[in-house]
Amino acid sequence: MLILLATLLRLAVLSEAKLRTCKARNLPAIDVFGLEVLDVSARAQHGYPEASRDVPVDAEPIDFCNVTITYTHPGQNDTINAYIWLPFDHWNGKLLGQGGGAWASGDEASLAASVALGYAGTTSDSGHSIFGDVQDVAVNAEKWALLSPGNMNWALVQDFAARALDDLPKIAKQIVKGFYGEAPSYSYWNGCSTGGRQGLMSAQRFPGNYDGILAVAPAISWASLAAVAFWPQVVMQREKYWPPACELEAIRQAAVKSCDEIDGVKDGIIAAPGLCLFNANTIVGSTFDCEGAKRNITAAAARIANAIWGGPVRTMNGQREWYGITHGTSFGGSGPYGVFDGLATTTCADGNDNCHGNPFPVSATWIQYFIEKDPDYDVTQMSEDDFFRALHRSRNEYGSIMDTSDPDLSEFKALGGKIVHWHGLADQLISPNGSSSYYSRVLALDPEARDFYRYFEAPGVKHCAGGIGAFPGNALEALVNWVENGAVPERLEAASIPAGEGEKIRERVLCPWPLVAAFKGGDVDAAGSYECEEVFGQARGLHTEL
Ligand SMILES: *[C@@H]1O[C@H](CO)[C@@H](O)[C@H](O)[C@H]1NC(C)=O
Ligand SMILES: *[C@@H]1O[C@H](CO)[C@@H](O)[C@H](O)[C@H]1NC(C)=O
Ligand SMILES: *[C@@H]1O[C@H](CO)[C@@H](O)[C@H](O)[C@H]1NC(C)=O
Ligand SMILES: *[C@@H]1O[C@H](CO)[C@@H](O)[C@H](O)[C@H]1NC(C)=O
């Protein structure tokens, strides 16, 4: 009893001291080369509601010290906010950086998840605010990319690409040390899409910043990807045909039907997209249901689907400039946010007729503001030649700024860093092949790279999350366990997130690339029915037959 009282008292005193420290004037002065602090704000937050879909956490309200460091790089005229949330109690001694998405470098709200897990959490706006709205995140560069038509705001471009990413953990570690009296024992990064790109940027250029990096569906070759994401719209413009969503969805479903069982499991998921040779020309003229009306698959829609799967190929020389999305992946959605569900989204004026292209806004913004540097540039009129010229210029001008495709991770490795990287095979926005090709280049340079870097593919999972495939919800835990306990992630456990009540949860294992989860018999939805092997059972059969 006495011991319990003493413990409670100690905790109360501890919190009291922390509350006192949670004042701007009691935090340490930040000393990071090349930056100047403009403002420090620190406020105690109690009972903050927790919300995040990235990391599964319990829904307990959290208490933390909300620190915001506002700073500039003198002479650059930028103003950046670094957000640091410090749990008052139950701090696990570590730092967790959270990445952004699309044009957002980070979202302050994502720090709730870090704190709920016991971490001190940190993220940066890299100098441009995002107002929380998903549409804004997708077009936000309109507000800051140009100083005036024709003139880039290079400081903010560099801040978004890399610079602010390097500042962030350096600032956060000093605040953590000042607040708790000790530096974090370990620092981690967690991010998807732009956040995954930020993770790999940290490993490549700023190798001392994090001990462990979770990079999900990273936009690795941004200078290529941001332009390439426009390819489906160019293909539709070339055909002068914009299929209604239902027609492309019917083609997608036909591909799933044809290739679902290549992996030996009928689950509506194409787990072996490389072995799926489905050609949409084979179903031209076949009838499908479009919201109750019977229609036939047109030859133009079939050509469009094939060209999207094939990736951007120049008619001129047959050269493929990037990967397509995999068979089975969503082509597009409908409604205002349909553009997030696929790159060939169309909007129809007249039920399912008289449709026009509805480009993915991140890509449209990239072309207008970064490549053409002209807010009035009309992307919808781009010809195939215009597109390939834009892609070429994008790579030349932004490759060294934005891309995170350097396979040399030797410094990060030497410092003991670990990377867990995964990518959904049904990613509708960023082809998973960019991830596997990067990883194979890392392995080509360092055949032992598996000792510190593992890449996994998640069949049926969309961009970052979603889709009917199994999602590896404990990837961060697996990373931490690898960094701190040397437990090599030989596989990731994954489970589908049911869309409706009573829907069965599919359990799977994700295997380190290039291994695949081969079905060994038993319950198809039990993780124990799968083993990591070089080829799928049936695929092996196909190989021996040939
Ligand atoms: C944290 O502090 C910043 C800066 O004062 C403020 O803008 C933000 O709303 C605060 N966050 C929360 C969750 O209170
Ligand atoms: C700095 O940026 C502000 C807007 O953020 C602008 O009003 C001002 O003119 C800029 N100053 C210089 C010297 O470019
Ligand atoms: C793309 O990645 C998938 C999944 O790993 C693979 O099956 C396919 O062969 C790859 N395609 C290309 C063109 O590399
Ligand atoms: C669809 O194809 C069928 C059979 O080929 C044909 O009879 C029908 O007229 C077509 N429907 C439309 C809307 O083109």
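Let me start with Trp242, which sits in the loop between helix 7 and helix 8, the latter spanning 245–259. Please bear in mind that this is a predicted model. Setting aside neighbours within four places in sequence, Trp242 is in contact with Met236, Gln237, Thr346, Cys355, His356 and Gly357. As for Cys276, it lies 34 residues from Trp242 along the chain, and the C-alpha atoms of the two are separated by 25 Å.

From that loop I step back to helix 7 itself, residues 231–239, and its packing against helix 11, residues 384–402. Their axes are 9 Å apart, and the packing angle is about 160°. Angles over 145 degrees count as roughly antiparallel, and helix 7 and helix 11 are therefore roughly antiparallel to each other. The crossing of helix 7 past helix 11 is left-handed. Which residues make the contact? On helix 7 they are Trp231, Val234 and Arg238; on helix 11 they are Glu384, Phe387 and Phe388. By class, the contact of helix 7 with helix 11 comprises four nonpolar residues, two charged residues and no polar ones.

Helix 11 also meets helix 5, residues 194–205. Here the axes come within 11 Å and cross at roughly 70°, so helix 5 and helix 11 are roughly perpendicular to each other. Helix 5 contributes Arg197, Met201 and Arg205 to this contact, while helix 11 contributes Ser400, Ile401 and Met402. Three nonpolar, one polar and two charged residues make up the contact of helix 5 with helix 11.

I turn next to the aromatic residues. How many aromatic pairs does a search of the whole structure find? The search finds 39. One of them joins Phe519 and Tyr530 in a tilted arrangement, at 5.5 Å centre to centre and with 50° between the planes. This pair links distant parts of the chain, as Phe519 belongs to strand 18, residues 516–519, and Tyr530 to strand 19, residues 530–533, with the two positions 11 residues apart in numbering.

Finally, a word on confidence. The mean pLDDT of the protein is 93, and 93% of its residues reach 70 or more. Where, then, does pLDDT fall below 50? One such stretch is residues 50–57, which nevertheless has 21 contacts in the model beyond near neighbours in sequence. Over residues 540–546 the pLDDT also stays under 50, and the model has two contacts for that stretch beyond four places in sequence. Where pLDDT is low, the predicted coordinates should not be read in detail.

Conventions. Residues numbered from 1 in each chain as written. Chains lettered and ligands numbered in written order. Predicted model: local features only at pLDDT ≥ 70, side-chain atom pairs only at ≥ 80, totals over all residues. Heavy atoms only, no water. Axes fitted to C-alpha atoms, helices over the stretch in contact; angles between N-to-C directions. Helix = DSSP H or I, 4+ residues; strand = E, 2+ residues; numbered from the N terminus. Parallel < 35°, antiparallel > 145°, perpendicular 65-115°, else oblique. Left-handed = near helix turned anticlockwise from the far one by under 90°. Contact = heavy atoms within 4.5 Å. Nonpolar A, V, L, I, M, F, W, Y, C, P; charged D, E, K, R; others polar. pLDDT = per-residue confidence, 0-100. Phe/Tyr/Trp six-rings, centres within 6.5 Å; stacked < 30°, edge-to-face > 60°.
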